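Hi,

Here's the structure I promised to pass on. Have a look at it first, then read my notes underneath.

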Amino acid sequence: MRIGIIGAGNIGGNLTRRLTALGHDVFVANSRGPHTLTALAEETGARPVPVEEAARGAEVVVVAVPVKAVPDLPAGLLDEAADGVAVIDTGNYYPKERDGRIAEIEDEGLTESRWTERRIGHPVIKAFNGTYAQDILDRPRPAGAPDRLALPVAGDDEAAKAKVRALIDELGFDTVDAGGLDDSWRQQPGTPVYGLRGGVAEVGKALTEASPERPADFRA
Ligand SMILES: NC(=O)c1ccc[n+]([C@@H]2O[C@H](COP(=O)([O-])OP(=O)(O)OC[C@H]3O[C@@H](n4cnc5c(N)ncnc54)[C@H](OP(=O)(O)O)[C@@H]3O)[C@@H](O)[C@H]2O)c1
């Protein structure tokens, strides 16, 4: 598949590594421009592009930038993506440490991915947000392996969600359907599933144990 990755840090960089290794055609962008991505391009074969071009023709787009940077993404970012593009949001809202206070999240009680979806003007699928970036490289396992990790996946567009779940399976992980985007508080920072290294049953149980109240460490 043609895949656009926006953000080439911990999570975007490692997804670039694995998705190119699987044979996907990866276009990757950061904030400083393609000339700063030559090492990653040489290592992986991914094509560095300006952020405006990252989603062009893409069947899957990954948004892997800090939440505070989402409003800086160019308008019309997804206008030239392929029909039916699945947009993965890996983001976590860290108001105290990184992102600052975002009023709509705090006051309206929006899930952070719903906020991101509104900012970019396209439905998103929340995935990878609670996965250690290093585990994307170190923990892929074949289907059926007893120590295969599972990732929760939330979103409203069932076709896009199915596409994302199939891609995660190809990356070497199981998935658990975590519901629609308004349910995605169950996998936000501070919840039992966030950072949990477990299989399908453990992840499913952790999702049910989440509290809808945003933990104090993740409020501002
Ligand atoms: N680290 C993890 O293990 C992990 C795991 C799961 C989810 N997450 C979440 O995923 C998101 C990204 O985390 P990260 O750790 O990968 O961050 P990171 O290492 O700081 O990388 C952020 C990337 O986003 C790029 N970026 C920032 N502003 C941009 C803009 N306006 N346009 C295009 N690119 C922009 C940066 O480019 P420049 O360097 O050029 O500025 C950099 O490549 C966060 O919300 C984080 O909470 C992280």
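Below is what turned up, starting with the record and moving on to the ligand and the core.

Keep in mind that this is a predicted model. An unreviewed UniProt entry lists residues 2-93 as "domain: Pyrroline-5-carboxylate reductase catalytic N-terminal". Over that stretch the chain comes out at 21% helix and 22% strand, with 28 Å between the end C-alpha atoms.

Now the ligand. It has 27 residues around it, and Gly-7, Gly-9, Asn-30, Ala-69 and Ala-133 are the closest. Sorted by class, that shell splits into 14 nonpolar, 11 polar and two charged residues. Helix H1 (residues 10-21) supplies the largest share of the shell, with three residues.

On to the core. In soluble globular proteins, nonpolar side chains tend to be buried together. The largest nonpolar core here is made up of 64 residues, and Ile-5, Ile-6, Val-28, Val-61 and Ile-88 have the most contacts inside it. What does Val-61 touch, leaving aside its neighbours within four places in sequence? Its contacts are Gly-4, Ile-6, Ala-55, Leu-78, Ala-81, Val-85 and Val-87.

Ile-6 is worth a click too, as part of strand S1 (residues 2-6). S1 is mostly covered, with four of its five residues buried. Its partner is strand S2 (residues 25-29), and the two run parallel over five bridges. In that pairing, Ile-6 sits opposite Ala-29 of S2.

Cheers

Note on methods. Residues are numbered from 1 along each chain as its sequence is written. This is a predicted model: local features need pLDDT of at least 70, side-chain atom pairs count only at pLDDT 80 or more; totals for chains, interfaces and linings use all residues. UniProt positions are given in the numbering used here, feature names are shortened, and annotations may be inferred rather than shown by experiment. A residue is near a molecule or strand if its C-beta atom, placed from the backbone, lies within 6 Å of it. Ala, Val, Leu, Ile, Met, Phe, Trp, Tyr, Cys and Pro count as nonpolar, Asp, Glu, Lys and Arg as charged, and the others, Gly among them, as polar. A nonpolar core is a set of buried Ala, Val, Leu, Ile, Met, Phe, Trp, Tyr and Cys residues joined through C-beta atoms within 7 Å. A residue is buried if 20 or more other C-beta atoms lie within 10 Å of its own, exposed if 12 or fewer, and partly exposed in between; C-beta atoms are placed from the backbone. Two residues are in contact if their C-beta atoms, placed from the backbone, lie within 7 Å. Two strands pair if DSSP finds at least two bridges between them.
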